[in-house]
Amino acid sequence: MLTTGKNIKKPPPKSYLIHAGLEPLTFTNMFPSWEHREDIAEITEMDTEVSNQITLVEDVLAKLCKTIYPLADLLARPLPEGVDPLKLEIYLTDEDFEFALDMTREEYSALPAWKQVNLKKAKGLF
């Protein structure tokens, strides 16, 4: 077997988010018994942001896996997708945590749960 000395690897193919009722033909052709449902397509098309958007799966995963947010994002509503509104403090950098709660994470963790809740309420993080 003769090789050129270079192992050229192709990047993996891009994966795209597909919304119910808006499946492209290249997707539905992989399933011999696919049945298009116009009622589902109409519901999905009501969300114009979804129906006019091509989204990479890697972008969606990056959003869902994000674990750190700026304090301003956690004080705004609506909250970023995937953020637990009862544990906003866990998404802060150490600097933002200390700025928002006036104590370190270690000091905060040493407080009883009821004091943690009262502190978060007083600082707008609840």
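Here is a friendly exchange between a student and a tutor about this predicted model.

Student: Which two domains does the domain assignment give, and how many Å separate their centres?

Tutor: The assignment splits the protein into domain 1 (16–65) and domain 2 (71–123). Taken over C-alpha atoms, the centres of domain 1 and domain 2 are separated by 36 Å.

Student: Where does UniProt place the feature "domain: HP", and how far apart are the end C-alpha atoms of that span?

Tutor: The UniProt record, an unreviewed entry, puts "domain: HP" at residues 63–126. That span is 50% helix and 0% strand. Its end C-alpha atoms lie apart by 22 Å.

Student: Let's turn to the core. Which helix gives the most to the largest nonpolar core?

Tutor: The largest nonpolar core has 14 residues, and those touching the most other members include Leu 74, Val 83, Leu 92 and Tyr 108. Two helices, α5 (71–75) and α6 (94–101), each supply at least two residues of this core. With three residues, the helix that gives the most is α6.

Student: And which residues does Leu 74 touch, not counting residues up to four places away in sequence?

Tutor: Leu 74 is among the core residues that touch the most other members. With residues up to four places away in sequence not counted, Leu 74 touches Tyr 69, Leu 79, Val 83, Leu 88, Tyr 91 and Leu 92.

Student: Why do the buried residues of α6 line one face of the helix?

Tutor: The buried residues of α6 are Phe 97, Ala 100 and Leu 101. Seen down the axis of α6, these buried residues fall within a limited arc, so they line one face of the helix. On the other side of α6, Glu 95 and Phe 99 are exposed. The arc that holds the buried residues is 75 degrees.

Student: Which helices do those buried residues of α6 pack against?

Tutor: We just met the buried residues, Phe 97, Ala 100 and Leu 101. The helices they pack against are α5, α7 and α8.

Student: Now for charges. How many salt bridges does a search of the whole structure find, and how far apart are the closest N and O atoms of Lys 14 and Glu 58?

Tutor: The search finds five salt bridges. Lys 14 and Glu 58 form one of them. This pair links distant parts of the chain, with Lys 14 in the segment before α1 (25–28) and Glu 58 in helix α4 (residues 57–65), 44 residues apart. The closest N and O atoms are apart by 3.7 Å.

Student: Glu 89 and Lys 120 also form a salt bridge. Is Lys 120 buried or exposed?

Tutor: The closest N and O atoms of Glu 89 and Lys 120 are 3.2 Å apart. Glu 89 sits in the loop between α5 and α6 and Lys 120 in helix α8 (residues 113–122), so the pair ties together parts 31 residues apart in sequence. Glu 89 counts as buried at 8% relative accessibility. Lys 120, with a relative accessible area of 5%, is buried.

Student: What about Asp 102 and Lys 123: how far apart are their closest N and O atoms?

Tutor: Asp 102 and Lys 123 form a salt bridge. The pair spans 21 residues, with Asp 102 in the loop between α6 and α7 (105–110) and Lys 123 in the segment after α8. Asp 102 is exposed at 55% relative accessible area, while Lys 123 is partly exposed at 33%. Their closest N and O atoms are apart by 2.6 Å.

Student: What phi does Asp 102 take?

Tutor: Asp 102 comes just after α6. Although Asp 102 is not a glycine, its phi is positive, at about 60 degrees.

Student: Which two residues does a cis peptide bond join, and what is omega?

Tutor: The bond joins Arg 77 and Pro 78. Pro 78 lies in the loop between α5 and α6. For this bond, omega is about 0 degrees.

Student: Last one: is Thr 55 buried or exposed?

Tutor: Thr 55 has its place in the loop between α3 (48–51) and α4. Leaving aside neighbours within four places in sequence, Thr 55 is in contact with Ser 15, Tyr 16, Leu 17 and Val 60. Its relative accessibility is 14%, and under 20% counts as buried, so Thr 55 is buried.

Definitions and conventions
Residues are numbered from 1 along each chain as its sequence is written. This is a predicted model: local features need pLDDT of at least 70, side-chain atom pairs count only at pLDDT 80 or more; totals for chains, interfaces and linings use all residues. Side-chain values use heavy atoms; hydrogens and water are left out. UniProt positions are given in the numbering used here, feature names are shortened, and annotations may be inferred rather than shown by experiment. Helices (H or I, at least four residues) and strands (E, at least two) are DSSP runs, numbered from the N terminus. Domain bounds come from an automatic or database domain assignment. A nonpolar core is a set of buried Ala, Val, Leu, Ile, Met, Phe, Trp, Tyr and Cys residues joined through side-chain atoms within 4.5 Å. Buried means under 20% relative accessible area, exposed over 50%, partly exposed in between (1.4 Å probe, protein chains only). Contact means heavy atoms within 4.5 Å. A salt bridge is a side-chain nitrogen of Lys or Arg within 4 Å of a carboxyl oxygen of Asp or Glu. The arc is that of the directions from the helix axis to the C-beta atoms.
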